[in-house]
Amino acid sequence: MREIHVSAITDVVERLCIEANTHLPGDVKCAIESCYGQEDSPFAKSVLDKIIENYKIADAENVPICQDTGMACVFLEIGQDVHFVGGDLREAVDEGVRRGYTNGYLRKSVVADPIRRGNTGDNTPAMLYTEIVPGENVKITLGPKGFGSENMSAIRMFKPSAGLQGIKDFILETVEAAGPNPCPPIVVGVGIGGTFDKAALLAKKALMRPLDTHNPDPYYAELETEMLEKVNALGIGPQGFGGKTTAIGLNIEVLPTHIAGMPCAININCHVTRHKTEVL
């Protein structure tokens with residue numbers, strides 16, 4: 001049994017809040033730059049050039065890539081042989097977010113109540129997701145999620161009779177309806193299977209997967225490639241001004257489901273698809 005003091009979780013979360021908001025992952029940068037090289041439209045290339053310039057400035061000056069520094073989505077993969085000591089895990093995570101968004105001068109965007117509103121003043125609480133895994137390590141992934149793209153996400157409870165075509169149509173319908181609102185080029189996370197809530201979580205986790213990887217199942221890897229091509233054929237383009245680059249990535253995650261259903265969730269992210277991971 002390995003003991004981990006919760007203060008270590010706080011320290012890591014604080015650091016990841018700042019790093020994720022100021023430094024875009026390498027795979028996302030590569031995808032944007034690759035699309036720039038393949039883009040035909042001069043206007044689309046100009047927009048992509050500004051996006052590249054923006055994240056280079058953020059890197060150099062350690063400032064946020066985007067003014068919407070998002071809600072802190074924190075994923076903890078906790079080894080079953082780990083025992084946390086020194087306090088409450090949930091409070092430790094929130095304290096890390098509180099410090100990260102305060103010390104990093106990041107915009108605080110969380111309201112205390114969905115209807116009555118009222119800013120919490122420190123970007124807490126975090127959206128915390130925990131999973132028990134074998135071992136004695138803790139893997140912490142922090143993904144700040146802006147709501148220009150989050151608001152364009154969707155879920156649908158398909159009957160199995162909808163088939164693969166129903167899934168394909170839903171992906172294209174959701175992206176087309178989103179149009180320029182999520183600040184394209186976007187990343188599309190697709191979750192298929194499980195239950196209503198699990199499909200949505202799968203879609204969000206899909207956004208945390210590097211864009212230079214594919215689903216390990218060749219069937220879904222091929223579907224990822226096909227749907228990315230079809231999304232880009234919509235012609236929405238960078239910031240909605242037209243072009244070949246509507247999305248820089250499309251990741252699919254799946255789970256078994258009930259014989260009577262086929263849940264599908266689509267979580268959209270803008271080109272600022274931020275995530276940072278550290279293992280304790």
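Biologist: Which residues of helix H1 are buried?

Modeller: This is a predicted model in which local features need pLDDT of at least 70, side-chain atom pairs count only at pLDDT 80 or more, and totals for chains, interfaces and linings use all residues. Residues are numbered from 1 along each chain as its sequence is written, and side-chain values use heavy atoms, leaving out hydrogens and water. Helices (H or I, at least four residues) and strands (E, at least two) are DSSP runs numbered from the N terminus. In H1, the buried residues (under 20% relative accessible area, 1.4 Å probe, protein chains only) are Val6, Ile9, Thr10, Val12, Val13, Glu14, Leu16, Cys17, Ala20, Asn21 and Thr22.

Biologist: How are the rings of Phe43 and Phe241 arranged?

Modeller: Rings of Phe, Tyr and Trp (its six-membered ring) pair if their centres lie within 6.5 Å; planes under 30 degrees apart are stacked, over 60 edge-to-face, the rest tilted. Four aromatic pairs are counted. Phe43 and Phe241 have centres 5.1 Å apart and planes at 80°, so their pair is edge-to-face.

Biologist: How far apart in sequence are the parts that this pair ties together?

Modeller: Phe43 lies in helix H3 (residues 42-61). Phe241 lies in the loop between helix H8 (218-232) and strand S8 (247-257), so the parts tied together are apart in sequence by 198 residues.

Biologist: Are Phe158 and Phe170 buried or exposed?

Modeller: Phe158 and Phe170 also form an edge-to-face pair, 5.6 Å centre to centre with 75° between the planes. Phe158 belongs to strand S6 (residues 154-158) and Phe170 to helix H6 (residues 163-178). Both residues are buried.

Key: Buried < 20%, exposed > 50% of the residue type's maximum accessible area, 1.4 Å probe, protein only.
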